[in-house]
Amino acid sequence: MSRGRRIVDYLRISVTDRCNLRCVYCMPPEGVECIPHESVLTYEEIAFFVRVAADLGFSKVRLTGGEPLVRRGLSWLVRQLAVTPGIVDISLTTNGILLPRYAEELKAAGLNRVNISVDTFDPERYRQVTRGGSLEQALQGVEAAFAARLTPVKINTVLTYETLDELPAFVAQTRERPLHVRFIEWMPVGGCGPTSPVDSPTRDEVIARLSTMGRLQPAPSPGGWGPARYFTFAGYRGTLGFISAMSDHFCGDCNRLRLTADGKLKNCLFSDDEVEVREPLREENAQTTAKRIRESLERKTFNRFCVDHANQRGMSQIGG
Ligand code: SAM
Ligand code: SF4
């Protein structure tokens, strides 16, 4: 779909708000109140939504959460999306913990690629950041993604001043194989903001550090549709990307709409503007569903960015 010169063709779909980790920057320790089961969209409803959206010109889908792999039967949904006319790319954002179990079947169902969140290569730090998670399991997830050819494999890292000393370890990951590490600036979204603010270094600060480690050069995007900017070291097979929402606002180029697990359309991560779409999905009403999608896009401002804007939903309830 387009609004003026802008094309909005990318859907981020949260299939659940539940998660098997409790990352400090995403959730409070006690977790967040879960959406009641009856309010969560069924896979059939999500597949219907994507068919309507594809008819309107959406062509790329990312599945996210909460942790999407804690919801059973995700491959079934992927299979439905993969045969939806007009959908050319299906990707998944996951913490990787359950990926060894599901990578092959997701690939067979039609999943193209994965982003795996790994914030540190130190097992103890990982345990602290995720409040109990196992780094070993997450890294097995990365291996499973390569083995299943869910490529390009990307690692999402919310870098902090504490983990900045691990930059050489992140860089080393990109040397021998096409692994793409993306540094994400912490964003004050929802309940996580006041409880666990994370002090993220800016892109310029990280680049300054990286530049002391070798000759850093701009690199083409390894594939994907997001706002990341990429760099690499000469001869390295992977890249280092930056998603710098705080220090480099990219709202003007935003190409996405979000669907929450309880059927609300969100036209901006930082906004509470929501359009209800669950009811027409339950009624399999394509016309009203399409109308609601248009309405959400119509209200999209492309310049809303405002760090003071306290979103009612946390990141795990939106899908990042
Ligand atoms: N559970 C999956 C995962 O962790 O990859 C998918 C959902 S998670 C909400 C999606 C992405 O949002 C992750 O890469 C995570 O690091 C990022 N994220 C969560 N809270 C954030 C915050 N406050 N600021 C920046 N990124 C955040
Ligand atoms: Fe769960 Fe992902 Fe949030 Fe971590 S970032 S608590 S893995 S939803």
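**Exercise 1.** Find which polar contacts tie ligand 1 to the protein, and how much of ligand 1 is covered.

*Solution.* Start with Ser117: an N or O atom in the side chain of Ser117 lies 2.6 Å from an oxygen atom of ligand 1. This is a polar contact (a pair of N or O atoms within 3.5 Å; within protein, one must be able to donate a hydrogen and the other to accept it, and residues adjacent in sequence count only if both atoms are side-chain atoms). Next, the side chain of Glu67 places an N or O atom 3.2 Å from a nitrogen atom of ligand 1. Then look at the backbone of Gly66, where an N or O atom is 3.0 Å from a nitrogen atom of ligand 1. Finally, ligand 1 exposes 540 Å² when taken alone, and the protein buries 95% of that (accessible areas by the Shrake-Rupley method with a 1.4 Å probe; for residues, only the protein chains shown count as cover).

A word on the model: it is predicted, with local features needing pLDDT of at least 70 and side-chain atom pairs pLDDT 80 or more, while totals for chains, interfaces and linings use all residues. Residues are numbered from 1 along each chain as its sequence is written, chains are lettered from A and ligands numbered from 1 in the order in which they are written, and side-chain values use heavy atoms, leaving out hydrogens and water.

**Exercise 2.** Locate the residue that lies over the face of Tyr43.

*Solution.* Go to Arg71, which sits over that ring at 4.0 Å from the ring centre of Tyr43. The rule asks for NZ of Lys or CZ of Arg within 6 Å of the ring centre and within 35 degrees of the ring normal.

**Exercise 3.** Name the residues that ring pairs link into a cluster.

*Solution.* Trace Phe121, Phe170, Phe183, Phe231 and Phe242. Rings of Phe, Tyr and Trp (its six-membered ring) pair if their centres lie within 6.5 Å; planes under 30 degrees apart count as stacked, over 60 as edge-to-face and the rest as tilted.
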